[in-house]
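User: Please take a close look at the nonpolar core of this model, and set it in the context of the chain around it.

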Amino acid sequence: MDLTQNTLENTAYMIEEIKKKLRMASGAALKATSLSDELYEDLHDIYSMVASKNRFSISEIEAITSELGRLRRV
């Protein structure tokens, strides 16, 4: 899978992987269709960072969740 390509499928995949890795209980509120296309690279950066780590502190999870919220369409 080439995640450098801005597609809805890639966006959905990265969101699902981030939710799994962070064990996000409220992940249902975050959907691929709710993210701005212009911010795909930001999502990819978040995904890469989350995928590279095995553990997260509470403050890291809060920061990542906040950043994901910033990517949502208004």
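Analyst: Burial is a useful place to begin: in this predicted model, buried residues make up 32% of the 74 residues in the chain. The largest nonpolar core has 18 residues, and those with the most contacts inside it are I18, L22, L43, I46, V50, I64 and L68. Helices α1 (8-22), α2 and α3 each supply at least two residues of this core, with α2 giving the largest share, namely five residues. In soluble globular proteins, nonpolar side chains tend to be buried together.

L68 gives a more detailed view of the packing: once its neighbours within four places in sequence are set aside, L68 is in contact with I18, M24, L30, L35, L43 and I46.

The surrounding chain comes to three helices and zero strands, following the pattern α-α-α along the sequence. Among contacts with a separation of 6 or more, 69% are between residues 24 or more positions apart. The radius of gyration is 11 Å, which agrees with the value near 11 Å for a compact globule of 74 residues, while the C-alpha atoms fill a box of roughly 30 × 30 × 15 Å along the principal axes. Of an accessible surface of about 5,000 Å², 51% belongs to carbon and sulfur atoms.

As for confidence, the chain averages a pLDDT of 87, and 91% of the residues score at least 70. Among the elements, helix α2 (residues 40-52) has the highest mean pLDDT, 94, whereas helix α3 (residues 58-71) has the lowest, 89. Where pLDDT is low, the predicted coordinates should not be read in detail.

Technical notes: Residues numbered from 1 in each chain as written. Predicted model: local features only at pLDDT ≥ 70, side-chain atom pairs only at ≥ 80, totals over all residues. Heavy atoms only, no water. pLDDT = per-residue confidence, 0-100. Helix = DSSP H or I, 4+ residues; strand = E, 2+ residues; numbered from the N terminus. Core = buried A, V, L, I, M, F, W, Y, C linked by side-chain atoms within 4.5 Å. Buried < 20%, exposed > 50% of the residue type's maximum accessible area, 1.4 Å probe, protein only. Contact = heavy atoms within 4.5 Å. Rg over C-alpha atoms; globule rule 2.2 N^0.38 Å. Areas by Shrake-Rupley, 256 points an atom, 1.4 Å probe, with all protein chains shown as cover.
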